[in-house]
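Work through the exercises below with the sequence and the model in view. Try each task before reading its solution.

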Amino acid sequence: MKKLFSKLFMVGALGGLTLLASCGGDDDEPTPAGPSIVVTTTPAAVDGVISMTTDDELIISVNASTPGGFNTATLSGAVTVTETRTTLGIDAGATSADFSFDPIVFNNAGTATITVTVIDDIIVDGASQTTSETLTIEVTEAAIPINSYTAVLLGAQGNAEKGFYNASEGIRYSYAEARDASTVTASPVDFAYYWGNTNKSTIAAIDNGGLNDVYTSVGLAIDGVFGTKNATRFLGLDLTAAEFDAIEDEEALLDAASFEVSGTGSVTGLAVGDVFAFKLDADRGGLFGLVKISTINDTNGTGTITIEVKVEQGS
C-alpha cells in the first residue's frame, strides 16, 4: 500500500512540474513584425531593372504598413534622402502610409542603386524595426536633338527667289541681304545655290570661286563685296534619302555626316534624292549637317531647288 501511494505521489509531482513549465511560457511575447513595404517607380522596372535616360525623372512611391507606427523613410546609395513622419505629413501613430519622394534626375550615364528603407516606432533589442528594398537603375545618355528644316526653296542666280542660306538657323537671304549681313567681322550666310553650264545644279560655300564667277556674270559679285565669306565644306555621301529621313538625333547625324576638313567648297551635278554632308566654317561653330535634294526646277540658272536640312544644334 505504501508503494502504491509513493508511485501516485511521483506521478502527481511530475504533472505539476509540466503544468508549471507551460504556465511560465506566457511571459514570452513574440517578436513584433517589422514594417512591410511595396515600392513602385516611374519609369517602372522591367525584369528588376529601371531603364531611363539623363533627361528622365525617377519617381519612387511607397506603400508602407508599420505595426508600431510610421517613423522614417530613407533613400541611400546613389541618392541620400531622409523623410520623417512630420515632413511627409503623416499623423502620429499612423500604421500605414502612402508617399512619394521628390523626383530624381541622374546627370551621368551608368548603373546606380538606391535602397528604400522604412523604419517604424517599435524597438526590439535596442534597435528600430526596418524593412528595405534595393532598386537597380540603368541610365543612358539622352538623345541630343538636332535642327531640321524642310521645304527650303532656293533660287538660282537668275531667279527672284532667295538663294543664300543660313544652315544652322534655317534662314534664307537674297543676294542683297546676304551681302549686307556679311560684315568684315562675321557672316551668318553658309552656302548658296547656283546653276552652271558645266556644274549644273550646285550648292556652294560663299568662298567658292565657282559661285563668285556665276554671280559676277549676272552683275552680282561676291569677291570684294562680301566682308566675310564663310568656308563651308561639303562631302558626298553614300546615303539614301530614306536613311536621311530616319536621322532624328545628333549621334545618328554625326555618324553619317562627320568628316575631316578635307571636304570641297561645292557639290555639283545635283539630282533629286542626293544626300550630302556639310561642315560649317569654324567661325560658325564648325557644326555638321546633312542636305537632301527634294526637287530641282532649273535648267538654265533661272529656276529653283528645294532642299531639306538637318544640322547639329550646337551649344
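The exercises cover nonpolar cores, one strand residue, salt bridges and one loop residue.

The model is predicted, so local features need pLDDT of at least 70 and side-chain atom pairs count only at pLDDT 80 or more, while totals for chains, interfaces and linings use all residues. Residues are numbered from 1 along each chain as its sequence is written, and side-chain values use heavy atoms, with hydrogens and water left out.

**Exercise 1. Nonpolar cores**

Task: Find which residues have the most contacts inside the largest nonpolar core, and which strands supply it.

Solution:
- Step 1. A nonpolar core is a set of buried Ala, Val, Leu, Ile, Met, Phe, Trp, Tyr and Cys residues joined through side-chain atoms within 4.5 Å. Buried means under 20% relative accessible area, exposed over 50%, and partly exposed in between, with a 1.4 Å probe and protein chains only.
- Step 2. The largest such core holds 26 residues, and the most contacts inside it belong to Leu58, Ile60, Val62, Phe99, Phe106, Ile114 and Ile137.
- Step 3. At least two residues of this core come from each of the strands S1 (36–42), S2 (49–53), S3 (59–65), S4 (70–77), S6 (96–100), S7 (110–124) and S8 (127–140). Helices (H or I, at least four residues) and strands (E, at least two) are DSSP runs, numbered from the N terminus.
- Step 4. S7 gives the largest share of this core, four residues.
- Step 5. A second, separate core has 24 residues, including Val152, Ala167, Trp195 and Leu287.

**Exercise 2. The setting of Thr72**

Task: Decide whether Thr72 is buried or exposed, and list what it contacts beyond its sequence neighbours.

Solution:
- Step 1. Thr72 is part of strand S4.
- Step 2. Its relative accessibility is 12%, so Thr72 counts as buried.
- Step 3. With neighbours within four places in sequence left aside, Thr72 is in contact (heavy atoms within 4.5 Å) with Thr82, Glu83, Thr84, Thr117, Val118 and Ile119.
- Step 4. The side chains of Thr72 and Asn71 are joined by a polar contact of 2.4 Å. A polar contact is a pair of N or O atoms within 3.5 Å; within protein, one must be able to donate a hydrogen and the other to accept it, and residues adjacent in sequence count only if both atoms are side-chain atoms.

**Exercise 3. Salt bridges**

Task: State how many salt bridges the whole structure has, and locate the partners of the one between Asp121 and Arg85.

Solution:
- Step 1. A salt bridge is a side-chain nitrogen of Lys or Arg within 4 Å of a carboxyl oxygen of Asp or Glu. A search of the whole structure finds nine.
- Step 2. In the salt bridge of Asp121 with Arg85, the closest N and O atoms are 3.3 Å apart. Asp121 lies in strand S7 and Arg85 in the loop between strand S5 (81–84) and S6, so the pair ties together parts 36 residues apart in sequence.
- Step 3. Asp121 is partly exposed, with a relative accessible area of 33%, and Arg85 is also partly exposed, at 22%.
- Step 4. Another salt bridge, with 3.2 Å from N to O, is formed by the side chains of Lys162 and Glu177.

**Exercise 4. A loop residue**

Task: Describe where Val218 is found and how far it is from Gln157 in space.

Solution:
- Step 1. Val218 is in the loop between H3 and S14, and is partly exposed at 41% relative accessibility.
- Step 2. From C-alpha to C-alpha, Val218 and Gln157 are 7.4 Å apart, with their positions 61 residues apart in sequence counted as separation.
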